[in-house]
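The following exercises concern cysteine pairing, helix packing and a loop residue. Please attempt each task before reading its solution.

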Amino acid sequence: MQQQEKKPLTAKEQVITDEQRMQWQRECFQAAQKHLAEKGIMPKSVVDKDSRFLAPLCAMWKFKAQNGKTYWVVTGRLPTDHAEVSAATDARDAMRYFSLQWQLKADQIMSTGARDKTQVDFANLLINRAHGLYEMYDNEPLWANEPK
């Protein structure tokens with residue numbers, strides 16, 4: 001998991017053009033590939049039909065790797081993280097999975113008596129982003145066009 005501090009979006013930033021959306025998607029794709037490579041996982045292909053993009057907040061990628069496994073990778077205005085595809089049935093469920101994992105990770109950091117400001121800040125970032133991910137997961141209109 002990589003820490004990436006981002007500021008809240010302004011109203012102007014929330015309205016983006018198609019060109020900006022494509023650029024954002026490219027950047028998220030590159031971040032996802034880089035994250036997997038840093039973890040020793042070589043991406044082979046992305047499963048477009050299962051990946052979801054909520055520009056400019058969050059992208060949920062489904063990658064097939066050269067090791068034969070498939071992974072969910074979350075990128076965007078939050079920490080980049082990954083999990084094996086068995087953790088979630090679809091992109092929406094993957095959001096819920098990462099939300100829970102980040103809350104648990106933040107609890108672990110805080111329960112070990114984190115005195116280091118960087119650790120405390122990271123735990124707070126995880127909690128904040130976990131809540132945001134869960135809100136997206138729980139937002140029915142976002143998923144209205146998803147197959148049941």
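**Exercise 1.** Determine why Cys-28 forms no disulfide, a disulfide being a pair of cysteine sulfur atoms within 2.5 Å.

*Solution.* Step 1: the closest cysteine sulfur to that of Cys-28 belongs to Cys-58, at 8.1 Å, which is too far for a bond. Step 2: a search of the whole structure accordingly lists zero disulfides. Step 3: Cys-28 is buried at 5% relative accessibility, and Cys-58 is buried at 1%; buried means under 20% relative accessible area, exposed over 50%, and partly exposed in between, with a 1.4 Å probe and protein chains only.

The model is predicted: local features require pLDDT of at least 70, side-chain atom pairs count only at pLDDT 80 or more, and totals for chains, interfaces and linings use all residues. Residues are numbered from 1 along each chain as its sequence is written, and side-chain values use heavy atoms, with hydrogens and water left out.

**Exercise 2.** Describe how helix α3 packs against helix α4.

*Solution.* Step 1: α3 (residues 91-111) and α4 (residues 117-138) meet at an angle of about 155 degrees, and their axes are 8 Å apart. Step 2: α3 is therefore roughly antiparallel to α4, a label for angles over 145 degrees. Step 3: their contact comprises 16 nonpolar, three polar and five charged residues.

**Exercise 3.** State whether Asp-50 is buried or exposed.

*Solution.* Step 1: Asp-50 is located in the loop between β1 (43-46) and β2 (52-54). Step 2: its relative accessible area is 19%, so Asp-50 counts as buried. Step 3: the side chains of Asp-50 and Lys-49 are joined by a polar contact of 3.5 Å.

How values were computed:
A disulfide is a pair of cysteine sulfur atoms within 2.5 Å. Axes are lines fitted to C-alpha atoms, for helices over the stretch in contact, and angles run from 0 to 180 degrees between N-to-C directions. Helices (H or I, at least four residues) and strands (E, at least two) are DSSP runs, numbered from the N terminus. Angles under 35 degrees count as roughly parallel, over 145 as roughly antiparallel, 65 to 115 as roughly perpendicular and the rest as oblique. Ala, Val, Leu, Ile, Met, Phe, Trp, Tyr, Cys and Pro count as nonpolar, Asp, Glu, Lys and Arg as charged, and the others, Gly among them, as polar. A polar contact is a pair of N or O atoms within 3.5 Å; within protein, one must be able to donate a hydrogen and the other to accept it, and residues adjacent in sequence count only if both atoms are side-chain atoms.
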